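Let's take a relaxed walk through a protein model. Have the sequence and the 3D view ready as you read.

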Amino acid sequence: MSAPAARGKGPENLVRDDVRALTAYHVAPAEGLVKLDAMENPYGLPPELREAMAKRLAQVDVNRYPDPTGARVKASLREAMAIPDSLEILLGNGSDEVLQIVTLALAKPGAAVLSLEPSFVMYRLAALWAGMRYVGVPLRGDFTLDEDAVMKAIAAEAPALTWIAYPNNPTGNLFPREAVLRVVAASPGLVAVDEAYYAFSGGKSLLGEVGRHPNLILVRTVSKLGLAGLRLGLAVGTREWIREFEKLRMPYNVSSLDAAAAELLLGHREAFARQTAAILAERGRLERDLDAIPGVERFASAANFILVRLPDGPGAFEALRQRGILVRTFHGSHPLLANCLRLTVGTPDENTRMLEALAAALG
Ligand SMILES: *Cc1c(COP(=O)(O)O)cnc(C)c1O
């Protein structure tokens, strides 16, 4: 019996109205499907690294709490990502947690979060969780940055926090570096540049700008690099910013197993560099082959996925799934993404199967 509800003590009375109105983040079941929906690196660890990791993890004292400072894993990230000593690092349980911490820190009453649309949905969700106003500024129809619209929104809303994904997800494009820096200069609030896809951007990064502007931080992750299961993300910023974020971080947010695995694996950059090179080569091949399929409109990508628009996006999504291929459909999520599918770059064989299924679905 639902006695507590009858007494007005159930979630329908006690949970915040805006939380009750949400639906939990949905991840499509992928069992038995070729998984090209989540920008995962399709290559597992090489056998020798798997073995080295097993040995290393066997040494971890799981009866003890992790090192709360994360000093060793930070040193590994610093080395792997060439983060200068003048900047500090905040660790997160994935960059998802980092963006939640950053948002929470800026959630003064009435404060706004600005994000471009379409972009990563977590920016809006984290703002909502923190009780902040959310301002979405549409990109142009071709997904380029509408700088005038952004500047007007900044002037009108004075956002405490602005998110820019560089490259952007789900569109895949990189906004011009100079335009991003103009947004930083015009913003009264913090601008957080999310470089989840830096490994695929051909070296394009704003890391060198952090510390040169008082209101710029960078967010990165090891997820798209090939370590999505570890749940390790980071913010990079000046000591002054990171010190404040640290106060909102759960002391043991990165597990000792994740930290130990990352310390080991980040020392084997050549393995990930090989996989990244293979993914980039396949991205080029996918671009050529997609362009040869009539009915496919392809958008430029600086990431490990490609956004396409089809005559019937939802129909093509279903047809692909019938053929055992899971991609991500964005139809219905934003007007600019009508009939769009996002295709993660897989292995050569997976990509061939996806292309064949797509050609069959459209033919
Ligand atoms: C995938 C993605 C993330 C989330 O990465 P995690 O570190 O796995 O939480 C963050 N930002 C963007 C733009 C992404 O696409």
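How far is an oxygen atom of the ligand from an N or O atom in the side chain of R231? The distance is 2.7 Å. Keep in mind that this is a predicted model, so every value here is computed from it.

**Around the ligand**

R231 isn't the end of the story. The backbone joins in too: an N or O atom from the backbone of S95 sits 2.7 Å from a ligand oxygen, and a polar backbone atom of D96 is 3.0 Å from an oxygen atom of the ligand. On its own, the ligand would expose 390 Å², and the protein buries 93% of that. Altogether, 13 residues surround the ligand, with D194, Y197, T221, S223 and K224 being the closest.

**The sheet**

Now look for the strands. Seven of them make an open sheet, and if you read across it the order is β2-β8-β7-β6-β5-β3-β4, with mixed pairing. At the edges you'll find β2 (88–92) and β4 (133–138), each of which pairs on one side only. Neighbouring strands are turned against each other by 25° on average, ignoring direction.

What holds strands together in a sheet? In general, they pair through backbone hydrogen bonds, either parallel or antiparallel. Here, β3 (residues 112–117) and β4 run parallel and are joined by six bridges; one of the partnerships is A112 with R133. Likewise, β5 and β6 run parallel, with five bridges between them, and T162 has V191 as its bridge partner in β6.

Strand β6 is worth a second look. Is it buried or exposed? It is mostly covered, with five of its five residues buried. That goes for both faces: L190, A192 and D194 are buried on one side, and V191 and V193 are buried on the other. You've met D194 already, as one of the residues closest to the ligand.

**Helices across the strands**

Two helices are easy to trace against these strands. Helix α5 (residues 71–81) lies across β2, β7 (216–221) and β8 (233–237), and it runs at about 115° to β2. Helix α7 (residues 122–129) lies across β3, β4, β5 (161–165) and β6 (190–194), running at about 160° to β3.

**Backbone oddities in the loops**

Some loops hold backbone details that you can check yourself. Here are two cis peptide bonds:

| Cis peptide bond | Omega | Where the proline lies |
|---|---|---|
| E117 to P118 | about 0° | loop between β3 and α7 |
| N169 to P170 | near 15° | loop between β5 and α9 (177–186) |

Then there are residues other than glycine with a positive phi. M39 has phi near 55° and is found in the loop between β1 (34–35) and α4 (47–58). Its relative accessibility is 4%, so M39 counts as buried. F143 has phi near 75° and lies in the loop between β4 and α8 (147–157). With 1% relative accessibility, F143 also counts as buried.

**A stop at R328**

Finally, find R328 in strand β12 (residues 328–329). Why does R328 count as partly exposed? Because its relative accessibility is 30%, and the partly exposed range sits between under 20% for buried and over 50% for exposed. R328 and K35 are 293 residues apart along the chain, but their C-alpha atoms are separated by 9.7 Å. Leaving aside neighbours within four places in sequence, R328 is in contact with Y25, L36, D37, C340, L341 and R342.

Note on methods:
Residues are numbered from 1 along each chain as its sequence is written. This is a predicted model: local features need pLDDT of at least 70, side-chain atom pairs count only at pLDDT 80 or more; totals for chains, interfaces and linings use all residues. Side-chain values use heavy atoms; hydrogens and water are left out. Two strands pair if DSSP finds at least two bridges between them. Helices (H or I, at least four residues) and strands (E, at least two) are DSSP runs, numbered from the N terminus. Axes are lines fitted to C-alpha atoms, for helices over the stretch in contact, and angles run from 0 to 180 degrees between N-to-C directions. Contact means heavy atoms within 4.5 Å. Buried means under 20% relative accessible area, exposed over 50%, partly exposed in between (1.4 Å probe, protein chains only). A residue is near a molecule or strand if one of its heavy atoms lies within 4 Å of it. A polar contact is a pair of N or O atoms within 3.5 Å; within protein, one must be able to donate a hydrogen and the other to accept it, and residues adjacent in sequence count only if both atoms are side-chain atoms. Accessible areas come from the Shrake-Rupley method with a 1.4 Å probe; for residues, only the protein chains shown count as cover.
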